[in-house]
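Thanks for asking me to look this one over. Here are my notes, as numbered points you can follow with the model open beside you.

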Amino acid sequence: MFENIPCKNIVLETLNLEVQVRERTILQNISLQVASGEILGIIGPSGAGKSTLLRCFNRLSELTPGLRVRGEVRLMGSSIYAPELDVNVLRARVGMLFQEPVVFPVDIRENVLFGARRLRKLSKGEQDELVESKLREVALWEEVRDRLKQPAAKLSVGQQQRLCLARTLAVRPEVLLMDEPTSALDPRSTSAIEELLLEMKSRHSIVLVTHNLRQARQISDRVAVVCLRNGVGQIVEQGESAAVFNAPSAPEFRDYLGQASGM
Ligand SMILES: Nc1ncnc2c1ncn2[C@@H]1O[C@H](COP(=O)(O)OP(=O)(O)OP(=O)(O)O)[C@@H](O)[C@H]1O
Ligand SMILES: [Mg+2]
C-alpha cells in the first residue's frame, strides 16, 4: 500500500525494501516517503520489524550480522548505497535517538560536542555557542548551565534523553530517526520531548517509531502501520494520521488497535 505525497519535498523514501536475516524474510514490499517538515509515525505490534526498518534508513542495519537489505533507500533523491557516499556522513545526515538514552561517560558539554567535533573543526567560541544553542533548543540549558562540567550520567533519564537529542542536533541532521524515544520517560518528560518534536519538525524531518498510539495520533502528520502478514512485516496501511486512525481498514491494524485499547 503506497500513496505518493503530492506537491511536497521528499527527503527520505524507500522503494520495495526487503529485509532478510539469513533465510528468513522480516520485512517486504516497504515503500514509503517522508516529506520535509513532517513527522512520519511508524506503528504496529511488537516484532513486526519497526526497529529493523528504522535501522535501514541510515545503514545501521549493516552492523547486524546476517542481515540483508534489498530495494532502494533514497535521501534527497540519491541512493544511500551510492559508492561515493561516506557512511559516517550519512549517519550524521540521518541521526538517531534510541529508547534508552545513550549518554557517553564524559561531562555534559562534551556529550553535546561529541559528534559535531568529529565532523567539523570548531573554535572554543564556536563550541561554547553550539553547546548553549543546542541545549537551549532541547529546553535543557536553564537546568544544566551551571554544571556543564559534571558527568552526564548524573542527569535524570528525561534530561539524558534531551541531552542525546542535543548531541544529535549538533551534527545538523536532515532526518531524525526515533525508536520509542519516550517509552522510558515519565509523562512530564514525554510531553517535553513531544513539544520539542513538534517545534523541530520544520527544520528536520522526523521518523518516529512508537507504541504510544495517543502520541502517534497527536504528533504524526502521517503514519505507516507495519504489521505481520503471512509472518512477514509489511505496511498494511499508511496515510494522514487522522484518516488512518478514524477509519482503520486493514484487519491486522484493527486487531492491533483492539489489543492496544485493552491494555
Ligand atoms: N539480528 C537479528 N537476528 C535474527 N532476527 C532478528 C534480528 N533482528 C531482528 N530480528 C527479528 O526481526 C523481527 C522484527 O524485529 P524488530 O525488533 O524490528 O521489531 P519491532 O517491530 O521493533 O518490535 P518492538 O515493537 O518489540 O520493538 C523479529 O522477529 C526479530 O526477532
Ligand atoms: Mg523495536
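1. Let me start with strand β3, where both faces are covered: Ile39, Gly41 and Ile43 point to one side, Leu40 and Ile42 point to the other, and all of them are buried. In a regular strand, side chains alternate between the two faces of the sheet. The strand takes in residues 39–43, and 5 of its 5 residues are buried. Please keep in mind throughout that this is a predicted model.

2. Which strands pair with β3? One is β8 (residues 205–209), which runs parallel to β3 and is joined to it by 4 bridges. To find this pairing on screen, look for Ile39, whose bridge partner in β8 is Ile206. Another is β9, also in the parallel sense and over 4 bridges. Here Leu40 is a handy marker, with Arg222 as its bridge partner in β9.

3. Strand β7 (residues 175–179) is worth viewing next. It is largely enclosed by the rest of the structure, because 5 of its 5 residues are buried. On one side sit Val175, Leu177 and Asp179, on the other Leu176 and Met178, and every one of these is buried. Note that Asp179, which counts as charged, is part of this covered set.

4. The neighbours of β7 can be traced in the same way. Strand β6 (residues 94–97) runs parallel to β7, with 4 bridges between them, and Met96 has Leu177 as its bridge partner. β7 and β8 are also parallel, joined by 5 bridges; in that pairing Asp179 is matched with Val209 of β8.

5. Now for the nonpolar core. In soluble globular proteins, nonpolar side chains tend to be buried together. The largest nonpolar core here has 67 residues, and the members that touch the most others are Ile42, Ala166, Leu177, Val207 and Val225. Leaving aside residues up to four places away in sequence, Ile42 touches Lys50, Leu53, Val207, Leu208, Val209, Ala224 and Val226.

6. Lys50 leads us to the ligand. What surrounds ligand 1? Its shell consists of Val21, Ile26, Ser46, Gly47, Ala48, Gly49, Lys50, Ser51, Thr52 and Thr64. By class, that comes to 3 nonpolar, 6 polar and 1 charged residues. Helix α1 (residues 50–56) gives the most to this shell, with 3 residues.

7. Strand β1 (residues 10–21) and strand β2 (residues 24–35) make an antiparallel pair over 8 bridges. Gln20 has Thr25 of β2 as its bridge partner. In this hairpin 2 residues lie between the strands, and Arg22 has a positive phi near 50°.

8. Two further backbone angles deserve a look. Arg59 has a positive phi near 60° and is not a glycine; it lies in the loop between α1 and β4 (67–75). Arg59 is partly exposed, as 17 other C-beta atoms lie within 10 Å. Asn230 also has a positive phi, of about 55°, without being a glycine, and is found in the loop between β9 (222–229) and β10 (232–240). Asn230 counts as exposed, with 7 C-beta neighbours inside 10 Å.

9. Is Lys134, in helix α4 (residues 124–137), buried or exposed? Lys134 has 22 C-beta neighbours inside 10 Å, so it counts as buried; the cut-off for that is 20 or more. Apart from residues up to four places away in sequence, Lys134 touches Val112, Ala166, Leu169 and Ala170. Of these, Ala166 also appears among the core members that touch the most others. The C-alpha atoms of Lys134 and Leu165 are 8.7 Å apart, although 31 residues separate them along the chain.

10. Finally, the overall picture. The protein has 10 helices and 10 strands. Its radius of gyration is 19 Å, close to the 18 Å that the globule rule gives for 263 residues, so the protein is as compact as a globular protein of that length. The C-alpha trace spans about 55 × 45 × 40 Å along its principal axes. Buried residues account for 39% of the 263. Among contacts with a separation of 6 or more, 69% join residues 24 or more positions apart.

Methods. Residues numbered from 1 in each chain as written. Chains lettered and ligands numbered in written order. Predicted model: local features only at pLDDT ≥ 70, side-chain atom pairs only at ≥ 80, totals over all residues. Near = placed C-beta within 6 Å. Pairing = 2+ DSSP bridges. Rg over C-alpha atoms; globule rule 2.2 N^0.38 Å. Buried ≥ 20, exposed ≤ 12 C-beta atoms within 10 Å, placed from the backbone. Contact = placed C-beta atoms within 7 Å. Core = buried A, V, L, I, M, F, W, Y, C linked by C-beta atoms within 7 Å.
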